[in-house]
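This report describes one protein chain for a reader who is new to structural analysis. Please keep the sequence and the model in view while reading.

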Amino acid sequence: MSHNASLVVDRNLEAGREGKAAVLAPDRTLTYGDLSREIARWGNFLRAAGIGREDRILLVLDDTTAFPVAFLGTMRIGAVPIPGNPLDRVDNYAYYLEDSYAKAVVVDSALLPKLEEAMGDRADLLVVVANGDASGHVAMADALSGQPEELAATPAHRDDMAFWLYSSGSTGRPKGVVHLHHDIEVTCETYARNVLGIGEQDVCFSTTKLFHAYGLGNGLSFPYWAGATSVLLAGRPTPDAIFDMVETHRPTLFFSVPALYAAMLKSGAAERDFSSARACVSAAEALPAALQERWRDATGKPILDGVGSTEMLHIYCSNTMDHLVPGTSGRPVPGYELRIVDESGRELPPGEPGDLLVRGDSCAAFYWHQHEKSVHCMRGDWFYTGDRYVQTPEGDYAYQGRADDMVKVGGLWVSPADVEACLVQHPAISEAAVIGVIADDVSRIKAFVIATDAPADPNVLAEELRGWCKERLRRYEYPHFIEFVTDFPRTATGKIQRFKLRELEASRQPA
């Protein structure tokens, strides 16, 4: 039997779901039959264009039906799709093209000028344009037109390359994360089945886009695996746009990130209708307990917070409906194992924070063109996450910050996550990001905070926040410096890029 990951759609045809809605998108609705036929047309077009096994194709697409067609149709012939962030910079697109040796690119018409700038003089690159004017390139509609509607999947070993994802860049330049054909099935059979209990009756809506590992599971592999329906939102996921989609399409599973949950609360989530959702899910960044509680108060819905990564493809440690502990990432998803270790690799007991390792069969094979990084992170069966965690006496896992975010003050380690969680409990603060800075030649803590409303006197509020933290944390775990901002540098999923805050501080220091 072929292990080609594109078979997630075929299983629905075999189950008699050809006429069921698979994708509700802004451009159109596709049934599972429609999706199967378009995947076949796309794969046949690529073959006719000379694209073959393990050839790479960059996808620069927003969330429309072009994405699942191109993604699954590319894998169906054994080629390798590489989704990219549609909001990325030109220099990153150029890097992806050069780093991956891509032979083709599929791009939304609105993004074509950026892509052409990134291509430079590469006349050998096949450019297919979706959702608009092709401007002298191949229109995706024309590429699909007239192609056969059937295409047997190229037999693939479970350990063949299936697709790549470039990491979000929260700690530096994106890395090419190489995933294999069996990885999709593993996440569907572990997290989607055991935590979400997803079935064909479900409707899934994710504010995180399909190009991202979290969004790819939420909006493509999970619903297709179960025969459910996926709702896609093109454009920026603003609170009002999200509310409208939820009230129109009535999702039963809603996926988002802490920054957007906070924004939706600020934009009146309590007055909008989330009654269709049996569960909300959060990932990409630790969810503060205070935000979790405010969301439940406003909507009546729980948020299942979990931790995942691009390298593991999706969430591997999560809260569940039966076991929900605010302020933690829950417990390992069945099929995954976790260890917390010190700098020498010694496993630590509950109560002692350390570096988190995870073991599970969805782990990426390696980082493309980054052998040393691969060796550092892929440690036999275990993957070094770069996250610091502590296991509670009850067995739950609580986030302590990134390993490279930890701050040592007076010889004692401080978790930025603890300080941030304390700050957002203050009624005047909606979000916080904490980094270490050097002041008078010693390490100090600085907090960048977003106030719920503009403070009448920032200095007075800053002093109040310092006292607030001193009362609730260890006496040395408070921000020596506080800067009020309107937003943070973020990844496409809303994850705060603390390394950019550190770079900003470094640029302010005298030479």
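## Charges and overall form

The mean positions of the 49 positive and 70 negative charges of the chain lie 2 Å apart. In this count Lys and Arg are positive and Asp and Glu are negative, while His and the chain ends are not counted; each charge is placed at NZ of Lys, CZ of Arg, CG of Asp or CD of Glu.

The model is predicted, so local features need pLDDT of at least 70 and side-chain atom pairs count only at pLDDT 80 or more, whereas totals for chains, interfaces and linings use all residues. Residues are numbered from 1 along each chain as its sequence is written, and side-chain values use heavy atoms, with hydrogens and water left out.

The chain contains 15 helices and 27 strands. These are DSSP runs numbered from the N terminus, with helices being H or I of at least four residues and strands being E of at least two. A compact globule of 511 residues would have a radius of gyration near 24 Å, and the 23 Å of the chain agrees with this. That radius is taken over C-alpha atoms, and the globule rule is 2.2 Å times the number of residues to the power 0.38. Along the principal axes, the C-alpha atoms fill a box of roughly 70 × 50 × 45 Å.

Of the 511 residues, 59% are buried. Buried means under 20% relative accessible area, exposed means over 50%, and partly exposed is in between (1.4 Å probe, protein chains only). Among contacts with a separation of 6 or more, 65% join residues 24 or more positions apart; a contact means heavy atoms within 4.5 Å.

## Residues inside helices

The table lists three helix residues with their relative accessibility.

| Residue | Helix | Relative accessibility |
|---|---|---|
| Ile39 | α2 (residues 32-48) | 2%, buried |
| Thr74 | α3 (residues 66-76) | 0%, buried |
| Pro223 | α8 (residues 213-226) | 0%, buried |

Which residues surround these positions, not counting residues up to four places away in sequence? Ile39 touches Val9, Pro68, Val69, Leu72, Gly73 and Arg76. The neighbours of Thr74 include Trp42, Leu46, Ile57 and Val69. Those of Pro223 include Tyr32, Ile198, Cys204 and Ser230. The C-alpha atom of Pro223 is 7.7 Å from that of Glu200, although 23 residues separate them along the chain. Ile39 and Gly176, in turn, are 137 residues apart in sequence and 25 Å apart in space, C-alpha to C-alpha.

## Helix α9 and its buried side

In helix α9 (residues 239-249), the buried residues are Pro239, Ile242, Phe243, Met245 and Val246. They lie on the same side of α9 because they cover an arc of only 165° around the axis, the arc being that of the directions from the helix axis to the C-beta atoms. In general, an α-helix has 3.6 residues a turn, so residues three or four places apart point the same way. The buried residues of α9 pack against β10 (203-206), β11 (229-231), β12 (253-256) and α10 (258-266).

## Positive phi angles

Just after α9, Arg250 takes a positive phi of about 55°. Tyr101, a residue other than glycine, has a positive phi near 60° and lies in the loop between α4 (90-100) and β5 (104-108). Asn131 is not a glycine either, yet its phi is positive at about 60°. Asn131 is found in the loop between β6 (126-130) and β7 (138-139), and its 45% relative accessibility makes it partly exposed.
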